[in-house]
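Trainee: Could we go through this structure together? I keep meeting labels, and I'd like to hear what stands behind each of them.

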Amino acid sequence: MIWVDTVLQGVLLGGLYALFALGLSLVFGIMRLVNLAHGDLIVLAAYLILMLVTLLGLGPFVAALIALPVMFAVGWVLQRLVLNRVLGPDILPPLLVTFGLSVVLQNALQEGFSADSRRIPAGWLETASVPVGPISLGVMPLLTFGSAILVTLALQFVFYRTALGRAFRATSDDPVTASLMGVKPASVFAMATGIAMVVVTIAALYLGTRANFDPTTGPARLIYAFEAVIIGGLGSLWGTLAGGIIIGVAQTVGAKINPEWQILAGHVAFLVVLLVRPRGLFPRAFD
Amino acid sequence: MSLLETRDLTGFYGDFQALFGVDITLSEGETVAVIGANGAGKTTLMRSISGVITQAPGMVRFDGREIGALPPDEIMALGIAVVPEGRKLFPSLSVEENLMMGCHRRKVAGPWSLDTVYGLFPILKERRHQPGTALSGGQQQMVSIGRALMSNPRVLLCDEISLGLAPVVIKDIYAAFPQIRETGASVVVVEQDVGQAMKVADRVYCMMEGRVTLSGRPSDLSREAIHDAYFGAAA
């Protein structure tokens with residue numbers, strides 16, 4: 001029974017990792033942009049929610065609701081003013097720019113909020129749980145996992161059922177031909193990064209209520225996000241969710257065997273998947 | 001007044017000058033063919049008109065407006081649709097989604113819709129949920145033409161649509177042209193296949209090494225004149 005519990009907790013934790021990863025997967029899938037500042041943007045969103053909670057006395061969920069459009073705008077502007085200028089056949093410039101952005105964000109947050117670790121208070125929800133037979137599952141982890149599934153469904157819907165999603169996929173295939181169809185790749189990319197920042201804000205809500213964070217927490221989140229994206233297969237949204245769950249389960253199982261092995265087990269699982277399926281579990285048919 | 005014209009158009013393909021002052025005109029409802037060998041500058045001409053290559057504003061005029069410097073998406077919004085060389089279907093999209101991309105930006109009422117495009121190429125309706133790339137070359141070309149028609153364009157630019165297709169398939173595709181012309185669209189056909197071009201066009205421009213070397217009505221041009229304009233006169 002204890003193992004069932006461990007695996008279930010891992011699956012729920014995987015929801016959080018999937019939320020970290022979905023924004024990254026979306027942006028990479030559409031514009032082949034690897035955003036090294038993704039983890040720091042999650043931390044930025046967490047501070048934004050924290051500020052709304054502490055300054056205005058809002059609940060964390062209401063605060064996140066307000067933070068969503070703000071972060072969408074941040075993403076849109078970031079893409080328009082910065083990232084669109086460096087996208088091109090060479091993948092190095094966007095890597096360097098997002099790496100620089102990561103450094104800038106960490107230092108700006110350090111200036112503004114100090115290096116103290118913080119947490120978004122969630123009141124009674126922090127300790128609430130529901131008993132399922134002999135196991136009890138935390139309400140926050142359940143909400144996290146539910147949100148990860150909802151976000152995946154929503155992104156899947158946007159991608160495959162809307163004109164915007166059609167433009168996303170067409171632009172990802174061939175930006176020049178897409179522009180001959182009247183698509184403005186620069187606007188499509190700005191929309192994509194805006195949507196990715198909405199996902200980032202949802203991830204930040206659950207990151208910030210689950211554990212402490214400080215201005216330098218970002219890069220560690222980025223590693224989990226990367227691993228989830230690569231395990232799932234680049235560009236596959238359901239694959240990204242599966243990747244998050246695999247890392248989550250590996251971590252809780254590893255921790256169960258030996259508490260020192262938690263992080264290591266996640267990375268080992270990632271390497272094993274790479275060995276067995278170098279293109280990930282659900283690779284796209286072509287690239 | 002002509003609907004579309006280029007004035008003293010120069011163009012570069014990388015560092016290489018591909019066009020040396022090209023003047024062509026297209027009137028409302030007219031079909032014009034541009035013929036020439038590989039490297040004559042036909043594709044650079046198409047890319048200049050469609051905006052993939054940015055030019056000086058006055059070098060390309062559409063409906064009295066200078067469009068040489070506009071980006072491709074705005075030129076398409078004005079009503080110039082392209083059937084690009086090599087078909088360029090979106091591999092992640094189904095046949096129907098590829099067609100829908102044609103009216104992503106320019107949504108004007110007109111003769112062309114999913115239904116009428118399927119009427120023109122019935123095979124596409126059967127295949128509409130398959131990925132565009134699962135189709136044969138000729139069927140892919142039909143998708144590419146249908147996709148351009150979906151915007152109800154005023155000018156249709158067809159770049160090398162017979163390239164790499166079997167003669168019988170080329171015939172099938174060109175069989176659709178009378179119906180396209182009936183709807184009033186003006187058409188520019190870029191072809192290496194001189195015979196096919198002469199059959200569909202009201203007027204022909206022959207290009208060689210970045211210049212127009214011959215133009216006129218197909219019936220007024222002799223085989224020798226075209227041969228010389230296409231390959232260069234024998235010294």
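Mentor: Sure. Let's begin with how helices and strands get their names: they are DSSP runs, of at least four residues for a helix and at least two for a strand, numbered from the N terminus. Keep in mind that this is a predicted model.

Trainee: Where does that put B:R217?

Mentor: B:R217 sits in the loop between β10 and α10 (223-231) of chain B.

Trainee: And why is B:R217 called exposed?

Mentor: The cut-off for exposed is 12 or fewer C-beta neighbours within 10 Å. B:R217 has 11 inside 10 Å, so B:R217 counts as exposed.

Trainee: Which residues is B:R217 in contact with, leaving aside its neighbours within four places in sequence?

Mentor: Those are B:D202 and B:R203. For a distance, take B:L149: it is 68 residues from B:R217 in sequence and 26 Å away in space, C-alpha to C-alpha.

Trainee: What makes β6 and β10 of chain B edge strands?

Mentor: Look at the order of that open sheet of six strands: β6-β7-β8-β3-β9-β10, with mixed pairing. β6 (80-83) and β10 (211-216) each pair on one side only. From one strand to the next, the twist averages 20°.

Trainee: How do you know that β3 and β8 of chain B are paired?

Mentor: Two strands pair if DSSP finds at least two bridges between them. Here five bridges join β3 (residues 31-36) to β8 (residues 186-191), and the two strands run parallel. Set against that cut-off, five bridges make them a pair. Within this pair, B:V32 stands opposite B:V188.

Trainee: Which helices pack on that sheet?

Mentor: One of them is α1 (residues 42-50) of chain B, which touches β3, β6, β7, β8 and β9 and makes about 150° with the direction of β7(B). Another is α6 (residues 137-149) of chain B, touching β6 and β7, with about 175° between its direction and that of β6(B).

Trainee: What about the sheet of four strands in chain B?

Mentor: That open sheet has the order β2-β1-β4-β5 and antiparallel pairing. β2 (16-26) and β5 (65-66) each have a single partner strand, so one side of each is left without a neighbour in the sheet. β4 (residues 60-62) and β5(B) are joined over two bridges, and the bridge partner of B:F62 is B:R65. Two bridges just meet the cut-off of at least two. Helix α1(B) packs on this sheet, touching β1, β2 and β4.

Trainee: What joins β1 and β2 of chain A?

Mentor: Four bridges, with the strands running antiparallel. A:V132 has A:I135 as its bridge partner. Two residues lie between the strands of this hairpin, and A:G133 takes a positive phi near 60°.

Trainee: How many residues are in the largest nonpolar core?

Mentor: It has 156 residues, and A:L19, A:A45, A:A46, A:I49 and A:V199 are those with the most contacts inside it. Helix α8 (residues 185-210) of chain A gives the most, with 16 residues. Beyond four places in sequence, A:A46 touches A:I120, A:A204, A:L207, A:G208 and A:F213.

Trainee: Why would nonpolar side chains be buried together?

Mentor: In soluble globular proteins they tend to be.

Trainee: Last one: how many residues does each chain bring to the contact between them?

Mentor: Chain A brings 17 and chain B brings 21. On the side of chain A, α6(A) gives the most, with seven residues.

Methods: Residues numbered from 1 in each chain as written. Chains lettered and ligands numbered in written order. Predicted model: local features only at pLDDT ≥ 70, side-chain atom pairs only at ≥ 80, totals over all residues. Core = buried A, V, L, I, M, F, W, Y, C linked by C-beta atoms within 7 Å. Buried ≥ 20, exposed ≤ 12 C-beta atoms within 10 Å, placed from the backbone. Contact = placed C-beta atoms within 7 Å. Axes fitted to C-alpha atoms, helices over the stretch in contact; angles between N-to-C directions.
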